[in-house]
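Opening the notebook on a new model today. I'll jot down what I look up as I go, element by element.

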Amino acid sequence: MSSNYMEATQDLYREAAITPQDTLCCASATPFALPGLVVPEEMTAMNYGCGTTVNVRDLKPDMNVLYVGVGGGLEALQFAYFTRRPGSVIAVDSVPEMLDKARENFEIAAQLNDWFDPSFVTLLEGDALDLPVPDGTVDLAAQNCLFNIFMSQDLQKALSEIKRTLRPHGALVLSDPISETPIPDALKQDDRLRAMCLSGALSLQDYVDCITDTGFGTVEIRGRRPYRLLDARRYGLQEDILLESIELAAFNDPVPSDGPCVFTGRMVIYTGDNEYFDDENGHIVVPDVPLAVCDKTSKCFEDFGRDDMHVTPSTFHYAGGGCC
Ligand SMILES: C[S@@+](CC[C@H](N)C(=O)[O-])C[C@H]1O[C@@H](n2cnc3c(N)ncnc32)[C@H](O)[C@@H]1O
């Protein structure tokens, strides 16, 4: 660990393991329901994420999942709901008290859910910057509301560590705060605020650049919504700063020679008279059927300058495929 903010982070989450903090992250939000999954109240009270990293379309029963920063265990339990095998979810945390709490919560979860066995989740003490997991063994890695705390060099290291553990085409799914207004240095350097996920946020572009610079070739921005407001009066700012939470998936694919593919929910819609339009670069668009394209391809389609080709703006809610 590289500096005081890391110590402040350990201290904060030690406290938050011993006494649940209802103002931290999304602790007051109700987690989404899955059929036949009863989430223990103890886990809901420790929902220290923002958004979710659990997405039905990523998950298959034979997957090995790595979860970094387990908290009270809510999302690790949700992943285990899909995998249901001993050791199929490895959950790492650097705070021993948090691991103890998650262990207790999994025991409670087993009493409430007859399909669940605590052996489905292997809890490991470890650091996101030096994961105790072998290379290329993970299908899906997740982190929720942890990496935003890391300063730039540590963020790069944490992303490289995740990438190291992923098999080819494996994915990192994450949820984290972002801020399009730069956060003043005084707040960024406040160790406690940073640890509380309130002052480390990057802009979306800077966050995505860090991910693609680490060598993830495909990124999908799947969700974006308001998270917190840094109120000007309370934080001594010139103006309020809106923090948003984003959900994204980054795939361990090679970065194409012309740059990464970043999907932000843009679509191409062709309204011409031909049976189809072929951009001769791998994209065939048939009339009136929206095709989801990455930002790089959107730009190429815009550059055609055709009246019968319409490129929609980013929604930041990419959900695969095209059409509706
Ligand atoms: C904001 S909480 C998020 C918890 C959980 N992901 C959730 O959504 O409820 C951050 C978690 O990361 C853990 N943590 C903090 N620093 C870490 C590090 N360097 N490596 C691994 N885990 C860390 C904390 O103990 C805590 O459990």
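How many of the 13 residues of strand 5 are buried? I count ten, so strand 5 is largely enclosed by the rest of the structure. A reminder to myself before going on: this is a predicted model.

**Entry: the eight-stranded sheet**

I looked up the strand order next. This is an open sheet of eight strands, ordered 3-2-1-4-5-7-6-8, and its pairing is mixed. The edges belong to strand 3 (121-125) and strand 8 (261-263), each of which pairs on one side only. For the twist I get an average of 20° from one strand to the next.

Then I went through some of the pairs. Strand 1 (residues 65-68) runs parallel to strand 4 (residues 138-144), and four bridges link them. In that pairing V65 has L140 of strand 4 as its bridge partner. Strand 4 is also joined to strand 5 by six bridges, again in a parallel run. There I noted Q143, whose bridge partner in strand 5 is L174.

Which helices pack on this sheet? I wrote down two. Helix 4 (residues 96-112) touches strand 2 and strand 3, and its direction makes about 165° with that of strand 3. Helix 5 (residues 152-165) touches strand 1, strand 4 and strand 5 (166-178), at about 150° to the direction of strand 5.

**Entry: helix 3 and Q78**

Is helix 3 mostly covered or mostly open? Mostly covered: nine of its ten residues are buried. My list of the buried ones reads L74, E75, A76, L77, Q78, F79, A80, Y81 and T83. I also checked what lies over them, and the cover includes helix 2 (41-44), strand 1, strand 2, helix 4, strand 3 and strand 4. Just after helix 3 comes R84, with a positive phi near 50°.

I picked Q78 out of helix 3 for a longer look. Why does Q78 count as buried? Because Q78 has 22 C-beta neighbours inside 10 Å, and 20 is enough for that label. Setting aside the neighbours within four places in sequence, I find Q78 in contact with L34 and V54. I also took the C-alpha distance from Q78 to S94: 21 Å in space, for 16 residues in sequence.

**Entry: around the ligand**

Which residues come nearest to the ligand? Out of 23 residues around it, I have Y13, G49, G69, G71 and A128. Helix 1 (4-18), helix 3 (74-83) and strand 2 (89-93) are the elements that give two or more residues to this shell. By type, I sorted the shell into 13 nonpolar, seven polar and three charged residues.

**Entry: positive phi away from glycine**

A background note first: most residues other than glycine have a negative phi. So I looked at two that go the other way.

H169 has a positive phi of about 65° and is not a glycine. I place H169 in strand 5. Buried or exposed? H169 is exposed, because I find 12 other C-beta atoms within 10 Å, and 12 or fewer earns that label.

C197 has a positive phi too, near 65°. Where does C197 lie? I find C197 in the loop between helix 7 (191-195) and helix 8 (204-213). C197 counts as buried, because 28 C-beta neighbours fall inside 10 Å.

**Entry: domains and the three-stranded sheet**

I pulled up the domain assignment last. It gives domain 1 (4-251) and domain 2 (266-311). Between the C-alpha centres of the two I have 36 Å.

Then I turned to an open sheet of three strands, with the order 12-9-13 and antiparallel pairing. Why is one side of strand 12 (291-292) and of strand 13 (309-311) left without a neighbour in the sheet? Because these two stand at the edges, and each has a single partner strand. Strand 9 (residues 267-270) and strand 12 run antiparallel, with two bridges between them. Opposite V268 I find L291 of strand 12. Helix 10 (residues 295-304) packs on this sheet and touches strand 9 and strand 13; I noted about 140° between its direction and that of strand 13.

How values were computed:
Residues numbered from 1 in each chain as written. Predicted model: local features only at pLDDT ≥ 70, side-chain atom pairs only at ≥ 80, totals over all residues. Near = placed C-beta within 6 Å. Nonpolar A, V, L, I, M, F, W, Y, C, P; charged D, E, K, R; others polar. Domains from an automatic or database assignment. Pairing = 2+ DSSP bridges. Contact = placed C-beta atoms within 7 Å. Axes fitted to C-alpha atoms, helices over the stretch in contact; angles between N-to-C directions.
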